Amino acid sequence: MSAMEIRATHHYPQPLPEAFAMLTDPAFLEAVCLASDPIEFSTFVDGLRTGARRTMRNHPSIERFTGPTITVSDEVTWRPDEQDGVRTGSTLVTVEGMPVALTGTVTLAPSDGGSSLTYSGDLKVAIPLLGPSLERQAAPLLLEALELQATVAQTWG
């Protein structure tokens, strides 16, 4: 089965050290979750591992496949040190009860007086015949979630 490539880069006004501190701050993770208007959510920071779990009202385009709500978990595991002034890590996004996963990398790099955060990964919906169609429908929703994180970051701190 094939996967759909997802890539997004957002600029943050914070320089890299402050942006990294923000991305690993439980209060920031909570603010991002609240901005998505969840029914319920939880977050965690465990050293260099961060994550969130959100139950949200479903988007009409995929409601017939998943029901009225959807629970999405996302996790980032950062590498311990900067390499040439850049922070990198791995990311995993899953949808509970569905054969859906986004696996990829995150890169936080200095950029234009602030920093840029790039997500790059493969979205896979492991449902025969319907997988590619569902991937095309889910991709914009994932990109919207990343945009929401960037919006919260613009006024953070």
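Which residue in E3 is the bridge partner of Val45? Thr50 is that partner. Please keep in mind that this is a predicted model.

## The sheet

Val45 and Thr50 bring us to the pairing of E2 and E3, which runs in the antiparallel sense over 7 bridges. That pairing belongs to an open sheet of 7 strands with antiparallel pairing, and the strand order is E1-E7-E6-E5-E4-E3-E2. At the edges sit strand E1 (4-12) and strand E2 (40-46), each of which pairs on one side only. From one strand to the next, the twist averages 15°.

## Helices on the sheet

Two helices are worth a look here. Helix H1 (residues 16-23) packs on the sheet and touches E1, E3, E4, E5, E6 and E7. The direction of H1 makes about 150° with that of E6.

Helix H2 also packs on the sheet, where H2 touches E2 and E3. Its direction makes about 155° with that of E2.

## The largest pocket

If you are thinking about cavities and volumes, here is the main entry: the largest pocket has a volume of about 980 Å³. It is lined by 41 residues, and the closest to its centre are Met56, Val72, Leu141, Leu142 and Ala145. By class, the lining has 28 nonpolar, 8 polar and 5 charged residues.

Both helices and strands contribute. Helix H4 (131-154) is among the elements that each supply at least two residues of this lining, as are helix H2 (26-35), helix H3 (60-66) and strands including E3 (49-57) and E4 (69-78). H4 gives the most, with 9 residues.

How values were computed
Residues numbered from 1 in each chain as written. Predicted model: local features only at pLDDT ≥ 70, side-chain atom pairs only at ≥ 80, totals over all residues. Heavy atoms only, no water. 1 Å grid on protein atoms, 1.4 Å probe; cavity = no way out; pocket = protein on both sides within 12 Å on 5 of 7 lines; lining within 4 Å. Points joined across faces, edges and corners; volume = space filled by probe spheres on them. Helix = DSSP H or I, 4+ residues; strand = E, 2+ residues; numbered from the N terminus. Nonpolar A, V, L, I, M, F, W, Y, C, P; charged D, E, K, R; others polar. Pairing = 2+ DSSP bridges. Axes fitted to C-alpha atoms, helices over the stretch in contact; angles between N-to-C directions. Contact = heavy atoms within 4.5 Å.
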